[in-house]
Each structure stands twice: as structure tokens, then as C-alpha cells.
Amino acid sequence: MLTIHASIQVILVSANKLTRYIEPCQLTDDFGGSLDYDHSDWLNKRLVFEKFTKESTSLLDELTIINDSEKSTSVDKDKTTDGALLPSFDPETVLQTGHELLSELQQRRFNGSEGGGQAAPAWCPMEEELLAQPQVMKLLDSLREQYTKYQELCRQRNKRAQLDEIHAKVMQVVNWLQGPGSELLKTHQMIGDSMRAAQALQQKHEEIESQHSEWFAVYVELNQQIAALLSAGEEEEVVELKALQQQLSDVCYHQASQLETRQNVLQAAHAFHSTTQELSQQLDGLLGMLCADVSPADGASIQQNLKLLEEKLQTVEAGLSSLRQKGTLVLEQMCGQSSWSLEEAESPPGEQQDNVQHVQAVLEEMELRKQR
């Protein structure tokens, strides 16, 4: 049962007579007033405000946690930072929504304060809308501050990820060159025992060079990336990048030098084998001439034969001298020394010892054949 206090007077009027008791500016046109009020518009704005408040508050908490956790992990560099920490909402979208909402509220407030003289304002903002503006502004300011910190954090993470990627690629190149690359060169040190063998070794060396070329191409690319990072890097990053660049360059230049040395050895060996083959043919021709059973018809023929024999002996002597020089060059190239004489040569282990012995054996054989 409805109970009404005696001091309260209830007046029942029709809608068109409300203006007798309530100012028209406080009533909508539905009730004969002039208040410009759209409930659907108010409801939409209210939903936007509540959605922004909820999302921005949640986002603000998340960004604060992420930023604070990053500070704590940066103190202890041994701890790994969880790079998967991402806010639940897109900060750019939330900020845009907040700016649009604030702009709308400020515009409505500005419009509500217009109108002078005797004319009543077309619309007056409600108290909750006036209170919403500082709330939105405060949330936006806090959100911008934390988002700026978060952007810097992401920038640092990206730079760290770049450095880690560069470091991994550098070590990949270094490990291959110092591992499989070096083993390829170590297991191919022979100089062969003939021109055909030397040509086969040269072909194998070209295959090894081709494999190295792929890694040297990676080195060039990495060097360019490091140079780009150095130009915009901070002091600590610059030190780390320069150390990586130096390590990579040292290893690559050392390996390139080894390849060049091996190529020089093969070229010297090819020249040595070529001279050996040519000298062997000359010695065979000289021996054939000495063993030939030819009776000269007269003194002129004897003189001519002696002259021809002397020329062949001189040619053999010149060939033997050239062979000695090229043999010495092979030994110098193999040992990487500026001077290596046959008398001072020490026998290196393994394949190098076999190479030295082969060169010396060839020289001794040619000397004996010449003496015979």
C-alpha cells in the first residue's frame, strides 16, 4: 500500500502543463520544453566513457607492471627478459579513443556555455559529464607517460634482439671457418707427384674456395649491418659491436690468407711439375743422343754433333737450375717463410713432410740423371 507523507503535495498534470511548474529549459521538446537532450547520444557517450575507463585503467596497470619488471631485470643482466610481455589492449587505439572522447566532452561543454543575453542555452552539460573530463585527462596523461616508457622499452628490446641475432650469425660464420673450413684446408695439403695430380688438387681447392665464398658473402653482409648499428648505437652497444666486428674480421682475413697461401703453393707446385716433366724429356733426348750408334762421316759432322751435344747439355743445366729454384719456391710457399733453402729445410709433420721429401727426391733424381 502506497503511503504518502502529509507534507508532500502530489500534483497530477498533463504533459502540456508541466511548464507551469518546471522551467521549459529543463524539459525536452516532448514535454513542451527547449532542452536539447538526446538520450541515445548520452547513452552512447556514457558507454564510450565506461569502455575507455575500463580499458585505460587495465592498460595502465599492465604497462606499469611491464615497465617496472623491465627495470628489475635490467639490474641483474643474467636474468632473461620475457620478451613475450604484451599489453592486452593496443595503446594507440585506447589513446585515440580517449582523445576523441575528451574532444567530444570539451566540445559539448563549450557549446553548453555559449549563448548570452536573455536567450537560454540550447544545452547544458550534466554534472557527470563535467566530472568526466578531468578523469579522462588524468587517464590520458598517465597512459601517455607509461606508453612512452613502454615504447622505449620495446626499442631497447629490439636493439637487444638485433645484437643477439648479429652475435649468433657472427659466431655461425666464425665457428664454420675455424671448424669445417679449417679442416678442409688441413686435409688438403698435398702438392701431388705430377701435373695431372696438381691439376686435380687445384680443382679441389677451387671447390673449397667456393664453399668459403658463401661464408665470406655472409661476412660482408654482417659487416654492413654492424656498421649501420654502430652509427646509431649507444656506448655499451658500440663496444660490443666493435668486438664482434673485430673477431669476425680477424677470423675471415686469417682464413682468406690461408686460402691464398694454399693457392700459391698449388701454383708453385704446378710450375715445379711442369718443369720436371720438361727436364725429364730433355734428359731423355740427351741420353738418346749419347747412346745413338752414329758414325760421323767427316770432321765437320763431328763438330756439328759436339756443338749440338753442348747445346743440349746447356739446356739441361738451365732446366735443372730452374727446377732447383721452383723446388725452393714450393718449399718456401709451404712453410710460409720468406727464405727457405733446401739445405735449411726441416721436415714438417704429416703431408708437409711427404711434400718436402717428394721435392727433394725429384731434385736428386734429376741430378743423378744429368750426371749419368
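A residue counts as exposed when its relative accessible area is over 50%, and as buried when that value is under 20%.

**View 1. Asp-30, an exposed residue of the predicted model.** In this predicted model, Asp-30 has a relative accessible area of 64%, and because this value is over 50%, the residue is classed as exposed. Along the chain, Asp-30 lies in the segment that comes before helix H1.

**View 2. A negative patch on the surface that includes Asp-30.** Four residues, namely Asp-29, Asp-30, Asp-36 and Asp-38, make up this negative surface patch. Asp-30, which has its place in the segment before H1, is thus seen here together with the other members of the patch.

**View 3. A nonpolar patch on the surface that includes Tyr-21.** The side chains to look for here belong to Ile-11, Val-13, Tyr-21 and Ile-22, which together have about 340 Å² of accessible area. Tyr-21 is found in the segment before helix H1, and that helix covers residues 39–75.

**View 4. The protein chain as the setting for the close-ups, with its seven helices.** The chain contains seven helices and zero strands, so that, when read along the sequence, its pattern is α-α-α-α-α-α-α. Of its 372 residues, 30% count as buried, while the chain as a whole exposes about 23,800 Å², of which carbon and sulfur atoms supply 52%. Among the contacts in the chain with a separation of 6 or more, 76% are between residues that stand 24 or more positions apart.

Key:
Residues numbered from 1 in each chain as written. Predicted model: local features only at pLDDT ≥ 70, side-chain atom pairs only at ≥ 80, totals over all residues. Heavy atoms only, no water. Patch = residues over 30% accessible without salt bridge, like charges linked within 9 Å, V, L, I, M, F, W, Y side chains within 5 Å. Areas by Shrake-Rupley, 256 points an atom, 1.4 Å probe, with all protein chains shown as cover. Helix = DSSP H or I, 4+ residues; strand = E, 2+ residues; numbered from the N terminus. Lys, Arg positive; Asp, Glu negative; His and termini not counted. Charge placed at Lys NZ, Arg CZ, Asp CG, Glu CD. Buried < 20%, exposed > 50% of the residue type's maximum accessible area, 1.4 Å probe, protein only. Contact = heavy atoms within 4.5 Å.
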